[in-house]
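Visitor: Please take a close look at one part of this protein with me, and show me how the pieces around that part fit together. I like to follow side chains one by one.

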Amino acid sequence: MQLEDSSPINKVLIVAAMAALLSAFFLLDLGRFLTIGALKDKLIQLVAWRSATPLLAGAVFFAIYIAVAALAIPGAAIMTVAAGALFGLAWGTVLVSFASSVGATLSFLASRFVLRDAIQARLGGRLKAFNEGIARDGPFYLFTLRLVPVFPFFLVNLLAGLTAMPARTFYWVSQLGMFVGTLVFVNAGTQLGRLTSLAGILSPGLLVSFALLGIFPLIANHAIGLLRRRRVYAQWARPRRFDRNLVVIGAGAAGLVTAYIGAAVKAGVTLVEAEKMGGDCLNYGCVPSKALIRSARHAHHLRHGSRYGFADIAPAAAFASVMARVHRVIRAVAPHDSVERYTELGVDVVQGYARIIDPWTVEVELNGGGTRRITTRAIVIAAGARPFIPPLPGIEDVGYLTSDTLWDAFARLDAPPARLLVLGGGPIGCELSQAFARLGSQVTLVQRAARLMVREDPEVSVLVEAALTADGVMVLTAHHALRFEREGERKFLVTEHAGAQGRVEFDVLLCAVGRAARLDGYGLETLGIDTSGTIGVNEFLETRIPNIYAAGDVSGPYQFTHVAAHQAWYAAVNGLFGHLKRFKVDYSVIPWVTFVDPEVARVGLNELEARAQGISFEVARYAFDDLDRAIAEGATHGSIKVLTVPGKDRILGATIVGEHAGELLAEFVLAMKHGLGLTKILGTIHAYPTMVEANKYVAGEWKRAHAPQRLLLWLARYHAWRRGAVT
């Protein structure tokens, strides 16, 4: 069934006719007949008319219902109930099922005839992917919308008409999808028609009918879920039994926590890791970098001993010892994440490379040789991320290090690199630039953006750049890296800045321009799981295959160890118990810290994000140069800034710049998580003298700004009266 486009006049006539019919409906107030009250009032007469002329009554009802559905007139639900009251369950269901489908199809055809060509021509290629999706999955999407009416039916009719879906497909999918809902509403109408007194309102049949109306969306949602799962799994044969309840791929933060939780609830868990247990955080990221930063800070304190009453001392050359200490720290923490510990917890730890064969089977290429196949009810991909290497000409020729490889490379050196070039001005680049500058390298940091740490407010970027510059780092912002060049043993980066090219000479290049999810080699492509960027997951951390989950850096949206551990709880619980109850991952309160000196810590919104999202806010500030403990420690650089809802003390976000900012942030994280405002923080006793008093004082700044001035004026007059100063 197709409509051929004729002339614009025909389209105008169709639109005019529909407008006239709708106008007549509203002008004549015909909607007064499509209410429960009107139906009850006229029910006896209508039943008598149907009994006297059943065929005519059925035909008239059928025609009116088609018009209501085609013109999107409010009242289709009332008419469905009326069908049950007048014609009974069987004939009422038949009449409504066909009339609603015919009316919807007429609306669909009108939309196609009047609007489709114009919209397709206007949007052109932008609708290509949409049209391909409808051609492939249109009937399933339509069936879902009919079964669970997320959008109004008339809107579904109009939008479907803009697609290339055949009219006959639209008709039969609509009739099938609406049938169960029709049956429920018609059944409710049959009970309504049996009411003979007010006591009948509480009849079991009527109560059951209306209960069905309430639980139908839940049943429909469950049915849709089953259909989707059946469709996803159609190409694979499900094992009759499983070796494990859970297989976790990757032993970083997300994988370790997932495995730990699974073992804690006595599930059969296998953890697969190809390289080092502990992942990036233990071996290349959080642990070694913080150990290095601590040593660098000690060197900084030696150089500036006069600030604390001692002589300034140039640190003795001890770079090899510093790097040896970094590796000692890694070894000291490693037992927490070791094979032995997790084996004792009950986890089956397998060392090798995992590949997902089908939704329930993982094949591991063992490090010691051979392969092992494991069947499992659920899989969690926690493969982490690796440093991103920008594809700049000449970069392979000059060589480079990353935050993963520098630890072993620098452990072989007796002295830090004389000239270290750091590419990237995010948290990793800033932390390592400052640390190596304090350890004796001449560091140049090149940042493409106009400022460092672009996710933070501009004032934070200014403070961080000032801190790095004070430690000797040459910060080059708004410099676009073009290529690398080599002249014998000399290495150069060619940059573009303000329209002019320049060269930066260096000895060692450290790339710190971000991290990319590890997605290759796990068999994701053969499963149809998108591997562009990160693994796409829903709010339950499910991939497109419901029993395969992803957590940590491999899925985003935040590449933090604590977020990976947070996601791991949801992945583990949903993977093991999702058939009973699923939990949506909560990103509402995510803290993070950049460990430059002074530290930068944040939770929730900053001013930049609030403005971008159009969220109104107020700002309360408190500077550390007024804090007794900060003055005593010589740590007066920095401040706390809190964003609140205008006129209220509810916290939208907090940014802290200063020593121990990461520790100070915890109070705001707790407050936001549990809905506590600044007034609660102000009313909490904070030990004196401590840095955390700053949290109380910034709450006091908010309170002072919102003091009730009129009330205070009257209090001043009251106290004056009490002193006898006012007569």
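Guide: Happily! Let me begin with a term: a polar contact here is a pair of N or O atoms within 3.5 Å, where one must be able to donate a hydrogen and the other to accept it. Arg602 gives us an example, for its side chain makes a polar contact with the side chain of Glu456 at 2.9 Å. Please keep in mind that this is a predicted model. Arg602 sits in strand β18, which covers residues 599-604. With a relative accessibility of 0%, Arg602 counts as buried. Setting aside residues up to four places away in sequence, Arg602 touches Arg455, Glu456, Ile590, Pro591, Trp592, Glu609, Ala654, Thr655 and Leu665.

That was the warm-up; now for the part I would like to show you closely, the largest nonpolar core. This core has 40 residues, and those with the most contacts inside it are Leu292, Phe410, Phe436, Val464 and Leu468. At least two of its residues come from each of α11 (286-303), α12 (319-333), α15, β8, α16 (427-438), β9 (442-446), α17 (458-470) and β14 (508-511). There is also a second, separate core of 28 residues, with Tyr233, Ile374, Ile529 and Ala550 among them.

Back in the largest core, let us start from Leu292. Beyond its neighbours within four places in sequence, Leu292 is in contact with Val322, Met323, Val326, Trp407, Leu432, Ala435, Phe436 and Leu439. Val322, Met323 and Val326 lead us to α12, whose buried residues are Phe319, Val322, Met323, Val326, His327 and Ile330. Looking down the axis of α12, you would find these buried residues within an arc of 135°, so they line one face of the helix. On the face turned away from that buried side, α12 carries the exposed residues Arg331 and Ala332. The cover over the buried residues includes α10 (279-283), α11, α15 and α16. You can check the length of α12 as well: at 1.5 Å a residue, its 15 residues should span 21 Å, and the end C-alpha atoms lie 22 Å apart, which agrees.

The strands come next. Five of them form an open sheet in the order β7-β14-β8-β9-β10, with parallel pairing. β7 (401-402) and β10 (474-476) stand at the edges with a single partner strand each, so one side of each has no neighbour in the sheet. At one of those edges, β7 and β14 pair in the parallel sense over two bridges, and Thr402 stands opposite Cys511 in β14.

Pro417 is a good place to finish the close look. This proline lies in the loop between α15 (406-411) and β8 (419-423). Its relative accessibility is 6%, and because the limit for buried is under 20%, Pro417 counts as buried. Apart from neighbours within four places in sequence, Pro417 is in contact with Phe410, Ser441, Gln442 and Val508. Phe410 is one of the core residues with the most contacts that we met earlier. Pro417 and Ser441 are 24 residues apart along the chain, with 5.7 Å between their C-alpha atoms.

To set this part in the whole: the protein has 24 helices and 21 strands, and 47% of its 727 residues count as buried. Among contacts between residues at least 6 apart in sequence, 65% join residues at least 24 apart.

Note on methods:
Residues numbered from 1 in each chain as written. Predicted model: local features only at pLDDT ≥ 70, side-chain atom pairs only at ≥ 80, totals over all residues. Heavy atoms only, no water. Helix = DSSP H or I, 4+ residues; strand = E, 2+ residues; numbered from the N terminus. Buried < 20%, exposed > 50% of the residue type's maximum accessible area, 1.4 Å probe, protein only. Contact = heavy atoms within 4.5 Å. Core = buried A, V, L, I, M, F, W, Y, C linked by side-chain atoms within 4.5 Å. Expected span 1.5 Å × (residues − 1). Arc of directions from axis to C-beta. Pairing = 2+ DSSP bridges.
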